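Look at the sequence and the model below. The paragraphs that follow go through it one topic at a time.

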Amino acid sequence: MSTSAKDFSTCDLCDAHKGVSDGAFRVLPPLFRDFGGLTRFAGPVSTVQCLDDNSRVREAVNSPGQGRVLVVDGAGSLRRSLVGGNLGKAAQDNGWAGVLVYGAVRDAAELRACQVGIRAMALMPLPTDRRDQGLRDVPVQIEGVWVRPGDWLYADEDGIVVMATQAG
């Protein structure tokens with residue numbers, strides 16, 4: 001039986017995998033705040049790697065999400081917002097389970113109204129410069145923790161874990 005976004009606990013997943021040392025189970029550091037309308041979300045990972053330019057993020061959330069989680073590696077930069085209310089709504093409307101931003105977001109009230117999980121480090125009202133830069137579906141690192149396209153990400157009130165395969 002597979003673990004869905006409604007029947008998992010990151011604490012239980014950590015308990016079940018505490019002896020795993022091969023890198024197949026990873027815990028992201030507690031850097032992220034909850035901004036979306038859903039506090040619990042899970043799904044296979046798609047990634048965007050970008051710095052202060054959300055061109056690839058916009059492309060991603062405007063494509064079919066199919067229950068995936070978009071992990072945006074903004075290098076932890078808080079200089080520009082990589083996701084705002086319009087992109088949050090696009091993620092919701094296109095079937096994304098969640099968006100995790102290693103960087104900043106904006107439009108807090110609009111993001112909270114979106115029925116999608118959205119986590120980021122902070123709020124920053126300044127938008128990005130769109131220079132058509134960035135990479136999609138490449139392995140990324142968040143504070144030294146690898147997140148790869150096709151991994152499974154689980155986020156709840158206690159934290160965020162990443163697994164090489166779906167829990168179940």
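The largest pocket of this predicted model holds about 170 Å³ of space. Its lining is made up of 14 residues, and those closest to the pocket centre are Asn-54, Arg-58, Arg-106, Pro-127 and Arg-130. Sorted by kind, the lining residues are 4 nonpolar, 6 polar and 4 charged. Two elements, β5 (81-83) and α3 (85-93), supply at least two lining residues each.

Next come the aromatic rings. A pair of aromatic rings is described by two values, the distance of the centres and the angle of the planes. The structure holds 3 aromatic pairs. In one of them, Phe-8 and Tyr-154 meet edge-to-face, with 5.1 Å from centre to centre and 65° between the planes. Where along the chain do Phe-8 and Tyr-154 lie? Phe-8 belongs to the segment before α1 (10-16), while Tyr-154 is in strand β11 (residues 152-156). The two are 146 residues apart, and the pair links distant parts of the chain. Both Phe-8 and Tyr-154 are buried.

Tyr-154 also pairs with Trp-152: the ring centres are 6.2 Å apart and the planes are at 25°, so this pair is stacked. The cut-off for stacked is an angle under 30 degrees. Trp-152 is buried, as is Tyr-154. Through such ring pairs, Phe-8, Trp-152 and Tyr-154 are linked into a cluster. Phe-8 has a further contact, with a charged group: the charged end of Arg-40 sits over the Phe-8 ring, 4.8 Å from the ring centre.

The cysteines can be taken next. A disulfide is a covalent bond between the sulfur atoms of two cysteines. How many disulfides does the structure hold? The number is 0. For Cys-11, which is in no disulfide, the nearest cysteine sulfur is that of Cys-14, 6.6 Å away. A disulfide would need the two sulfur atoms to be within 2.5 Å. Cys-11 is partly exposed, with a relative accessible area of 36%. Why does the sulfur of Cys-50 have no bond to the closest cysteine sulfur? The closest one is in Cys-114, and because it is 18 Å away, it is too far for a bond. Is Cys-50 buried or exposed? Cys-50 is buried, at a relative accessible area of 7%.

The backbone has two residues to look at. Most residues other than glycine have a negative phi. Asp-52, however, has a positive phi, near 55°. This residue is in the loop between β3 (41-49) and α2 (55-61), and it counts as buried because its relative accessibility is 13%. Asp-137 likewise has a positive phi, near 50°. It is found in the loop between β8 (135-136) and β9. With a relative accessibility of 39%, Asp-137 counts as partly exposed.

The strand that follows this loop, β9 (residues 140-142), contains Ile-142. Ile-142 has 0% relative accessibility, so it counts as buried. Along the chain, Ile-142 and Gly-74 are 68 residues apart. In space, their C-alpha atoms are separated by 9.2 Å.

How values were computed. Residues numbered from 1 in each chain as written. Predicted model: local features only at pLDDT ≥ 70, side-chain atom pairs only at ≥ 80, totals over all residues. Heavy atoms only, no water. Buried < 20%, exposed > 50% of the residue type's maximum accessible area, 1.4 Å probe, protein only. Phe/Tyr/Trp six-rings, centres within 6.5 Å; stacked < 30°, edge-to-face > 60°. Helix = DSSP H or I, 4+ residues; strand = E, 2+ residues; numbered from the N terminus. Lys NZ or Arg CZ within 6 Å of the ring centre and 35° of its normal. 1 Å grid on protein atoms, 1.4 Å probe; cavity = no way out; pocket = protein on both sides within 12 Å on 5 of 7 lines; lining within 4 Å. Points joined across faces, edges and corners; volume = space filled by probe spheres on them. Nonpolar A, V, L, I, M, F, W, Y, C, P; charged D, E, K, R; others polar.
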